[in-house]
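Please look at the chain shown below and keep it in view while reading. The report that follows moves from charged pairs to one residue in a helix, then to a sheet and to the chain as a whole.

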Amino acid sequence: MSAADSCSCPGCSGNLVFDISAQALTCAHCGGKYPVPEYDRLMSQRAGSAAAPDDPDNRANEQTSREASPNKSPEEAAPETAAPAVYACSSCGGEITPGILGATDTCPFCGNAIVLADKIRRQREPDMIIPFALDKTVLMDKYRELLGKARFVPDSYMAEATPERIQARYVPFWLYDVSADGSLSFEAKLVEHTEEYGRSRTVTHKFRGKASGHRSFRNIPQDATSEVDDEISQSLEPYDTGKAQPFSYSWLSGLDARIYNMDNRASFEPVKARVRASMESYLVDADRYTKHKVLESSYEITPKKISYALFPIWTMELKWKGGTCLFAMNGQTGACSENIPTSGFKLWTCSLTTWFFCSMAVSYPFIAAYEAELTDSEIAACIVYGIPFMLSWCFQQFVCVPYLFKTNIRSAISGALLLILGVLAFLITLDAYEFWETLISTGIILGVFWCGLGFSAMKDALWDERRKTALMLKKEADYYAWDYDCRADREVEQLS
């Protein structure tokens, strides 16, 4: 393709755009469909193999050269910072002024999809591209599915949040093959809970040790543009590079694509941090211990190969109450991330009223135990803590959250009802016994304790669920570790 050209239909010379659902370049005029490899072969045959820009032999030579010298010269690897150039549409001659980082555009005069090939070549052609496999319909289905499963979403958000900008964008990534060597000394604790003669027992073991080793990582991705937040790109990992295709400009036609403005040296710093965290866990063998602390550490982390790729990301911005919420999806795997808000009203009413009701309703076993003058403190503790906790947790997770607290109206009615039932349960228990002062103080203590614990437990449960899809940075790179090239030598001493 020329510097500011479009894909032309072999049948009618109309403009071709890549249709994600059809996985082919499609022509709106004659209805022709051409898979990208087939289209490239047709264009190569017409132009002649010597002049074809996407010739397989030339591409193989370029790939070999890149692998032999992953770190490019400053001229070749320099980010794009110059003012945007003016391009002429090859179809109508209209002037096009793309953004500084834009690699594709649409002619405002004739509507043709434009690919700015020379802009990409001035930096570096990608070594690979992962084509979009999922279209906008899947994006909207995923969003509705996640919104239906999310807990405590504000009613106003579900009714008023408006999608404003939906983009299918090819984002530039650096892929790093990394070799890591390191050594460290550490302290660790292992907490074990055992049963002896019918009684529970907690034992804490303390360890001190040192370790050294080596580990290799392959294709750790790091986005190469400041336009995409790392929280978005990393929360959508992993990207399956095994299904990547050789780069062709034809994949970009009709879609948004960007060039990089962060070179592979600057982008390597967050990769090093992830590798360092993975090396620490690997050398310590962190899964063996309850917690550990590194005393001293030393690492040598070296990039062995750096590849350049374009990965597919769907983004959808939603306007709500003057702010912007974001929903993103991996265009290959369908992995999603979001920053959907949480309703404090629903969270508080569900947590406090549910646990208050349960603590009051199951206070009778405690009072019966007190009445029977049980002296075994562990049996009393089991009744006081075990029964309310289990019943409250089950009632909250399987009844309240899915059914009673889905909307504001349900939350208000359910909260008031549970509060009244809890008070009635306490009054019925109070009426059955004569030691009122003890019951009142016990009820207040139980109610406050369980409501506080209930709110804390609900927040933890909510966070455990939301973190699966929340926009957040990856702390480690374990997924990319190559198990065939790793070793660790550990010397561990048990102190107690």
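In this predicted model, a search of the whole structure finds 16 salt bridges. As a general background, side chains of opposite charge can pair when their charged atoms come close. Three of these pairs are set out in the table, each with the distance between its nitrogen and oxygen atoms.

| Salt bridge | N to O distance |
|---|---|
| Asp141 and Arg144 | 3.3 Å |
| Glu491 and Lys210 | 4.0 Å |
| Arg215 and Asp478 | 3.4 Å |

The pair of Asp141 and Arg144 lies within one element, since both residues belong to helix 5, which covers residues 136-149, and they are three residues apart, or about one turn of the helix. Asp141 is partly exposed, with a relative accessible area of 42%, whereas Arg144, with 52%, is exposed. Arg144 counts as exposed because its value is over 50%.

The salt bridge between Glu491 and Lys210 links distant parts of the chain, with Glu491 in strand 16 (residues 481-494) and Lys210 in strand 10 (residues 199-223), 281 residues apart. Glu491 is exposed, at 53% relative accessibility, while Lys210 is partly exposed, with a relative accessible area of 47%.

Arg215 and Asp478, which also meet through their side chains in a salt bridge, again link distant parts of the chain, being 263 residues apart. Arg215 is in strand 10, and Asp478 is in the loop between helix 13 (436-466) and strand 16. Is Arg215 buried or exposed? Arg215 counts as buried, because its relative accessibility is 10%, which is under the 20% cut-off. Asp478, by contrast, is partly exposed at 35% relative accessibility. Besides these pairs there is a network, in which salt bridges that share partners join Arg169, Glu227, Asp256 and Arg258.

Both Arg215 and Asp478 appear again in the surroundings of Ser278, a residue placed in helix 8, which spans residues 268-284. Which residues are in contact with Ser278, if its neighbours within four places in sequence are left aside? They are Arg215, Phe217, Glu476, Ala477 and Asp478. Ser278 has a relative accessibility of 0%, and therefore counts as buried.

Attention now turns to a sheet. Strands of a sheet pair through backbone hydrogen bonds, either parallel or antiparallel. Here, three strands form an open sheet with the order 1-2-3 and antiparallel pairing. Strand 1 (16-19) and strand 3 (33-34) are the edge strands, each of which pairs on one side only. Between strand 1 and strand 2, the latter made of residues 24-27, the antiparallel pairing runs over four bridges. Within this pairing, Val17 has Thr26 of strand 2 as its bridge partner.

Taken as a whole, the chain contains 13 helices and 16 strands. Of its 496 residues, 45% are buried, a group to which Ser278 belongs. Among the contacts in the chain with a separation of 6 or more, 77% are between residues 24 or more positions apart. The accessible surface of the chain comes to about 24800 Å², and carbon and sulfur atoms account for 54% of that area.

Key: Residues are numbered from 1 along each chain as its sequence is written. This is a predicted model: local features need pLDDT of at least 70, side-chain atom pairs count only at pLDDT 80 or more; totals for chains, interfaces and linings use all residues. Side-chain values use heavy atoms; hydrogens and water are left out. Two strands pair if DSSP finds at least two bridges between them. Helices (H or I, at least four residues) and strands (E, at least two) are DSSP runs, numbered from the N terminus. Buried means under 20% relative accessible area, exposed over 50%, partly exposed in between (1.4 Å probe, protein chains only). Contact means heavy atoms within 4.5 Å. Accessible areas come from the Shrake-Rupley method with a 1.4 Å probe; for residues, only the protein chains shown count as cover.
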